[in-house]
Amino acid sequence: MTQTELLFKDPLAAAEQAAQEIATKTGVTHHDVALVMGSGWISAVDALGVPAFECNAEEFTGFFPPAVEGHSGKVRSYEIDSDGKKLRALVFLGRTHLYEGKGIEPVVHSVRTAVKAGCKVIILTNACGGINTSYSVGQPVLIRDHISLTAVSPLSGATFVDLTDLYSKRIREIVKREDSSLQEGVYVHWRGPTYETPAEILMMRTMGADLVGMSTVPEAIAAHALGAEVLGISLVTNAAAGVTGEKLNHEEVIAAGKAAADRMGALLKGVIPKLL
Ligand code: 8IG
């Protein structure tokens with residue numbers, strides 16, 4: 001069986017195998033926290049210092065080469081030293097999205113691998129559209145809850161997982177103590193690859209949504225189902241369709257991410273040691 005066949009036939013075994021390969025290659029048997037860096041977030045991770053290890057994600061079982069600009073497809077290991085407490089962070093630069101058409105297993109493989117590598121906290125970052133008209137471009141928002149409009153779950157079978165505290169309240173409180181200006185919002189998962197129509201954005205706002213994007217939700221569910229605690233942070237990089245009348249483009253997303261990178265990096269660096 002090839003590694004890709006294993007991913008689809010037995011995704012948890014593929015994640016276990018990838019985690020073992022990560023332990024071997026990094027020399028770190030146990031990572032504590034994982035970060036998935038979405039579009040525009042890649043340079044925020046520079047705040048964590050010099051990585052102890054880096055390689056291309058596709059060197060590990062079940063990982064694919066990156067499909068989108070701004071998603072570099074690297075895996076890094078960082079040692080984070082804080083007040084004598086040494087933490088190991090596993091960082092995925094980039095992710096696989098549902099809109100790539102590869103199916104759901106590649107989308108959640110990073111977080112499953114991270115949990116198998118020992119991570120108890122999974123930090124999911126993304127760039128998204130702002131539905132809530134009080135948001136500005138460049139503003140980070142903590143995900144409080146989500147609405148899945150894809151109807152695709154990473155779980156199958158009679159696994160009736162409770163999602164009441166999917167985006168850990170404990171962690172959100174810690175992050176808000178670190179930066180009291182942070183707002184919370186409800187994130188809608190939209191398959192893409194098209195952005196929404198203005199009518200769809202109006203529907204989402206009516207349903208109680210604040211943010212819209214094409215990631216994070218399956219990863220949060222997969223991580224939570226395996227017992228990890230989840231933090232989701234969205235960076236608003238554009239007003240959603242119809243909000244301002246401007247057209248949406250990917251360059252704007254990358255630029256807004258770059259502009260916010262220092263603030264996002266400082267937030268992550270400050271908060272990580274307090275989560276574990
Ligand atoms: I960045 O406006 C980014 N990702 N669905 N809509 C959706 N995804 C996005 C958007 C947006 N902006």
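Which element gives the largest share of the shell around the ligand? The views below come from a predicted model, and they begin with that shell, where β5 makes the largest contribution, 3 residues.

**Figure 1. The shell around the ligand, with β5 giving the largest share.** Welcome to the ligand's surroundings, which consist of 13 residues. Gly129, Glu196, Thr237, Asn238 and Val253 come nearest to the ligand. Among the elements, β5, β8 and β9 each supply at least two residues of this shell. Sorted by class, the shell has 8 nonpolar, 4 polar and 1 charged residues.

**Figure 2. Polar contacts of the ligand with Gly129, Glu196 and Asn238.** Here we look at distances that involve a nitrogen atom of the ligand. With glutamate 196, a ligand nitrogen lies 2.4 Å from an N or O atom in the side chain. With asparagine 238, the partner is again an N or O atom in the side chain, and the distance from a ligand nitrogen is 2.7 Å. With glycine 129, a polar backbone atom takes the part of the partner, at 3.3 Å from a nitrogen of the ligand. On its own the ligand has 320 Å² of accessible area, and the protein covers 95% of that.

**Figure 3. The largest pocket, where the ligand sits.** Step back a little and the pocket itself comes into view, with about 370 Å³ of space. Its lining is made of 24 residues, and Ser39, Ala127, Tyr195, Met214 and His250 lie nearest the centre. Two or more lining residues come from each of β5 (121–130), β8 (211–213), β9 (229–239) and α7 (250–275). The largest share of this lining belongs to β5, with 4 residues. By class, the residues that line the largest pocket are 11 nonpolar, 11 polar and 2 charged.

**Figure 4. The second largest pocket, with α3 and α6 in its lining.** This pocket has a volume of about 160 Å³. Which residues line the second largest pocket? They are Leu12, Glu105, Arg112, Pro154, Leu155, Ser156, Thr159, Ala222, Ala225 and Leu226. At least two of the lining residues are supplied by α3 (104–116), and at least two by α6 (217–225). The lining of the second largest pocket divides into 6 nonpolar, 2 polar and 2 charged residues.

**Figure 5. The largest cavity, with a volume of about 180 Å³.** A short word on how such space is found may help. Rolling a probe the size of a water molecule over the atoms shows where empty space is left. In this model the count comes to 1 cavity of 30 Å³ or more. The largest cavity is lined by 20 residues, including Phe63, Phe64, Gly94, Arg95 and Thr96, which lie nearest its centre. Both β4 (85–93) and α3 supply at least two residues each to this lining. Which element gives the most to the lining of the largest cavity? That is α3, with 3 residues. As for class, the lining of the largest cavity has 10 nonpolar, 6 polar and 4 charged residues.

**Figure 6. Backbone details at Pro193 and Ala151.** Our last stop is the backbone of two loops. Most residues other than glycine have a negative phi, and most peptide bonds are trans. The bond that joins glycine 192 to proline 193 is cis, with omega near 5°. You can find proline 193 in the loop between β7 (183–189) and α5 (198–206). Alanine 151 has a positive phi of about 55°, although it is not a glycine. To locate alanine 151, look in the loop between β6 (140–148) and α4 (169–178).

Terms used: Residues are numbered from 1 along each chain as its sequence is written. This is a predicted model: local features need pLDDT of at least 70, side-chain atom pairs count only at pLDDT 80 or more; totals for chains, interfaces and linings use all residues. Side-chain values use heavy atoms; hydrogens and water are left out. On a 1 Å grid over the protein atoms alone, a cavity is a set of points where a 1.4 Å probe fits but cannot get out, and a pocket is an open set with protein on both sides within 12 Å along at least five of seven lines; lining residues have an atom within 4 Å of a point. Grid points are joined across faces, edges and corners, and a volume is the space filled by probe spheres set on the points. Ala, Val, Leu, Ile, Met, Phe, Trp, Tyr, Cys and Pro count as nonpolar, Asp, Glu, Lys and Arg as charged, and the others, Gly among them, as polar. A residue is near a molecule or strand if one of its heavy atoms lies within 4 Å of it. A polar contact is a pair of N or O atoms within 3.5 Å; within protein, one must be able to donate a hydrogen and the other to accept it, and residues adjacent in sequence count only if both atoms are side-chain atoms. Accessible areas come from the Shrake-Rupley method with a 1.4 Å probe; for residues, only the protein chains shown count as cover. A molecule sits in a cavity or pocket if more than half of its atoms lie within 2 Å of its grid points.
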